[in-house]
Amino acid sequence: MAGRRLPSLGLSEAERAELASLASRRRTAQALALRARIVLACAEGAENRAVAGQLGVCADTVGKWRRRYLERRLGGLLDEPRSGAPRRIDDIRIEAVVTRTLESLPPDATHWSSRGMARASGVSVSTVQRIWRAFGLQPHRLETFKLSTDPDFVAKVRDVVALYMAPPERALVLCVDEKSQIQALDRSQPMLPLRPGQPARRSHDYTRHGTTSLFAALDVATGQVIGKCYPRHRAAEFRRFLDEIEAAVPKGLDVHLVMDNYATHKTKLIRDWLAKRPRWHVHLTPTSSSWINQVERFFATLTDKQIRRGVHRSVAELQAAIEGFIAAHNASPKPFRWTRSAAAAAPECQR
């Protein structure tokens, strides 16, 4: 049985241009940008379910903004008035606050505060805060990012992710890296323990007792880790760690090694070692892309659970704590589950 035919939106060139501007302009509120993308997708003739799947929303949401646009055109994409007391701030003043927040900076700071915006716009602090909440604006927050400039970025992502998603038969996929210069730190005063209504406390100053470097190889299939601490992280130590892996991996299996472009990994000593072992296959991650190496996730867990709050009065004590953590991890290992395909990951990280 054929479904109900959806009415055509019939966009004019001016409407299409305005919607495209709202959808792509960086300074557009994200809720309004999403509504514009919904209308543009619907105008191409796609059904509500198809648009919903494409944009990651539910079909009812698509249907709502399709109807609103048919009834009121561009004005239908704006939020409807809320119930309650009449607004004292009209749309023009709200737009002015949003535009000032997005497109200007205060003369005495790097970002707007609610008090500064209130003074500049002639409204109350609470009004500014409500407008910012409604439009998802958070001028006080700042996030960081770094894009890889590797010319072979896409090819390397596809190569590594293919190993994660479909590992070869009779082979071991190992993510290898080192966590260097881990400090053995002792606090200048004893820690104060956790109490009801009060978190554990420690002094902000500390005493250094030396460093160690952890070389680790994470088995992607099982989550088990081969780890070894060394006083330094040169090519000589890396080669000794490769010997540790070679001894631990059954002879009948190939070894696929995922590692980064650190100079230690590419010295003549390491190249010669690998050349003599044809069952070893190296897969390099793109530059500035540590996120793709799964052993980095293990390092983060180690730091969070053992190193950051640990008190270690010697390097030997620190190494014992790390080895104990690895042993406990391997007693009940759990692999990380990689879910994003290379086709989805590579374009997103290069935008």
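1. Let's start with E178, whose side chain makes a polar contact with the side chain of H265 at 3.1 Å. Please keep in mind throughout that this is a predicted model. E178 belongs to strand β1, which covers residues 171-187. What makes the residue worth a look is that E178 is buried yet has no salt bridge. The nearest side chain of opposite charge is that of R234, and it is 11 Å away.

2. Where, then, does R234 find a partner? It forms a salt bridge with E237, with the closest N and O atoms 2.7 Å apart. The two ends of this bridge are worth comparing for accessibility. R234 has 38% relative accessibility, so it counts as partly exposed. E237 has 2% and therefore counts as buried, the cut-off being under 20%.

3. Strand β1 also carries D186, which lies in a salt bridge with R313 (3.9 Å, N to O). R313 sits in the loop between α11 (295-307) and α12, so this pair ties together parts that are 127 residues apart in sequence. D186 counts as buried because its relative accessibility is 16%. You may want to display E317 as well, since D186, R313 and E317 are linked in a network of salt bridges.

4. The structure holds nine salt bridges, and one more of them deserves a mention here. R279 pairs with E246, the closest N and O atoms being 3.2 Å apart. R279 is in the loop between α10 (268-275) and β5 (280-284), while E246 is in helix α9 (residues 235-248), so the bridge ties together parts 33 residues apart in sequence. Are these two residues buried or exposed? Both R279 and E246 are buried.

5. On to the rings. There are eight aromatic pairs in the structure. One of them joins Y164 and W338, a tilted pair with 5.0 Å from centre to centre and 50 degrees between the planes. This pair links distant parts of the chain: Y164 is in helix α8 (residues 153-165), and W338 is in the loop between α12 (315-331) and α13 (342-349), 174 residues away. With a relative accessibility of 8%, Y164 counts as buried.

6. F298 and F299 have ring centres 6.3 Å apart and planes at 50 degrees, so this pair is tilted. A pair needs its centres within 6.5 Å, and the 6.3 Å given for F298 and F299 meets that. Both of these phenylalanines are buried.

7. A ring can also meet a charge. The charged end of R277 sits over the ring of W273, at 3.9 Å from the ring centre.

8. Finally, have a look at strands β2 (residues 206-219) and β3 (residues 225-230). They run antiparallel and are joined by six bridges. The hairpin has five residues between the strands, and G223 takes a positive phi near 85 degrees. Which residue of β3 is the bridge partner of F215? That partner is K228. F215 has a second role to note, as it forms one aromatic cluster together with Y230, F238 and F241.

Methods. Residues numbered from 1 in each chain as written. Predicted model: local features only at pLDDT ≥ 70, side-chain atom pairs only at ≥ 80, totals over all residues. Heavy atoms only, no water. Pairing = 2+ DSSP bridges. Helix = DSSP H or I, 4+ residues; strand = E, 2+ residues; numbered from the N terminus. Phe/Tyr/Trp six-rings, centres within 6.5 Å; stacked < 30°, edge-to-face > 60°. Buried < 20%, exposed > 50% of the residue type's maximum accessible area, 1.4 Å probe, protein only. Lys NZ or Arg CZ within 6 Å of the ring centre and 35° of its normal. Lys, Arg positive; Asp, Glu negative; His and termini not counted. Salt bridge = Lys/Arg side-chain N within 4 Å of Asp/Glu carboxyl O. Polar contact = N/O pair within 3.5 Å; in protein donor to acceptor, adjacent residues only side chain to side chain.
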